[in-house]
Amino acid sequence: MSATTTATGRLTTPARVHLGGQSRPVQPVRSAWRDGTRASWVLVPEPTTVPRIRKRVRRQLAEWNVPGCGDTVELLVSETVTNAMRHAWGAVLTLTIENGTCRCEVRDTNPAMPAVCHAHEGDEGGRGIYLMEALADRWGARAEPTGKVVWFEVTCRTPAPTDHDT
């Protein structure tokens, strides 16, 4: 089992669950449920969580036939999930598509609400809210008894019909 050092300097090892004398790795991204307009994933703070959830979100948007907003949604998902993984013990990401609008909610266990950071030129972080303001149609956060939910909405354009569709 190899260990990884996080950006905050914490040493982590891959999460494992022990069942019946056997040890198995915990999946950092696990589907909670999916239907025609909603998908949800349980996220564990592991080094591979953010890249894995980006891929799953992109696949989900393609399945819903709204790939036109994929880059923006993927970037904002990456920002919100990264913050949840850094500052909480796990999170649940829910993606919804309705009337051409993609809504993403990241529910985590940390009650601290997002705050504007004044990032300097060489800083690696601190620009998440600026990205939300620039790229999301709407975004916000709300406190919950078990932590908070950070959400955003992006208008997706469905692909134009081709000659083959008529």
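**Entry 1: strand β10 and its partners**

I began with the register of β9 against β10, where Ala 143 stands opposite Lys 148 in β10. The model is a predicted one, and I read each entry below with that in mind. Strand β9 covers residues 138-144, and seven bridges join it to β10 in an antiparallel arrangement. I noted that the two strands form a hairpin, with two residues between them.

I then turned to the pairing of β10 with β8, which spans residues 101-108. These strands also run antiparallel, and I recorded eight bridges between them. For the register I took Cys 104, which stands opposite Phe 152 in β10.

How many of the nine residues of β10 are buried? I found eight, so that the strand, residues 147-155, is mostly covered, with buried taken as under 20% relative accessible area.

**Entry 2: the packing of α1 and α2**

I looked up the geometry of the two helices next. Helix α1 comprises residues 49-63 and helix α2 residues 70-87; they pack at an angle of about 145°, and their axes lie 9 Å apart. The crossing of α1 and α2 is right-handed.

I listed the contact residues on each side. From α1 they include Ile 53, Val 57 and Leu 61, and from α2 they include Val 73, Val 77, Val 81 and Met 85. Charged residues also take part, among them Arg 54 and Arg 58 in α1, and Asp 71 and Glu 74 in α2. By class I have eight nonpolar, four polar and four charged residues in the contact of α1 with α2.

**Entry 3: the nonpolar core**

Which residues touch the most other members of the largest nonpolar core? I found Val 73, Leu 93 and Leu 95, in a core of 29 residues. The elements that give it two or more residues are β6 (38-43), α1, α2, β7 (91-98), β8 and β10. Helix α2 gives the most, with six residues.

I followed Val 73 further. Leaving aside neighbours within four places in sequence, Val 73 is in contact with Val 57, Leu 61, Leu 95, Cys 102, Phe 152 and Val 154. Phe 152 is the residue that I had noted opposite Cys 104, and Val 57 and Leu 61 appear in the α1 side of the helix contact.

**Entry 4: Leu 131 in α3**

I located Leu 131 in helix α3, residues 128-135. Leu 131 counts as partly exposed because its relative accessibility is 25%. Not counting residues up to four places away in sequence, Leu 131 touches Leu 75, Leu 76, Glu 79 and Ala 136. I checked the pair Leu 131 and Leu 76: 55 residues separate them in sequence, and their C-alpha atoms are 7.4 Å apart.

**Entry 5: two asparagines with positive phi**

I recorded phi near 65° for Asn 65, a positive value in a residue other than glycine. Asn 65 lies in the loop between α1 and α2, and its relative accessibility of 44% makes it partly exposed.

For Asn 99, in the loop between β7 and β8, phi is near 50°, again positive in a residue other than glycine. Is Asn 99 buried or exposed? I have it as exposed, because its relative accessible area is 75%.

**Entry 6: the protein as a whole**

I closed with the totals. The protein has three helices and 10 strands, in the order β-β-β-β-β-β-α-α-β-β-α-β-β along the sequence. Of its 166 residues, 34% count as buried. Among contacts between residues at least 6 apart in sequence, 52% join residues at least 24 apart.

Definitions and conventions
Residues are numbered from 1 along each chain as its sequence is written. This is a predicted model: local features need pLDDT of at least 70, side-chain atom pairs count only at pLDDT 80 or more; totals for chains, interfaces and linings use all residues. Side-chain values use heavy atoms; hydrogens and water are left out. Axes are lines fitted to C-alpha atoms, for helices over the stretch in contact, and angles run from 0 to 180 degrees between N-to-C directions. Helices (H or I, at least four residues) and strands (E, at least two) are DSSP runs, numbered from the N terminus. A crossing is left-handed if the near helix is turned anticlockwise from the far one by less than a right angle, and right-handed if clockwise. Contact means heavy atoms within 4.5 Å. Buried means under 20% relative accessible area, exposed over 50%, partly exposed in between (1.4 Å probe, protein chains only). Two strands pair if DSSP finds at least two bridges between them. A nonpolar core is a set of buried Ala, Val, Leu, Ile, Met, Phe, Trp, Tyr and Cys residues joined through side-chain atoms within 4.5 Å.
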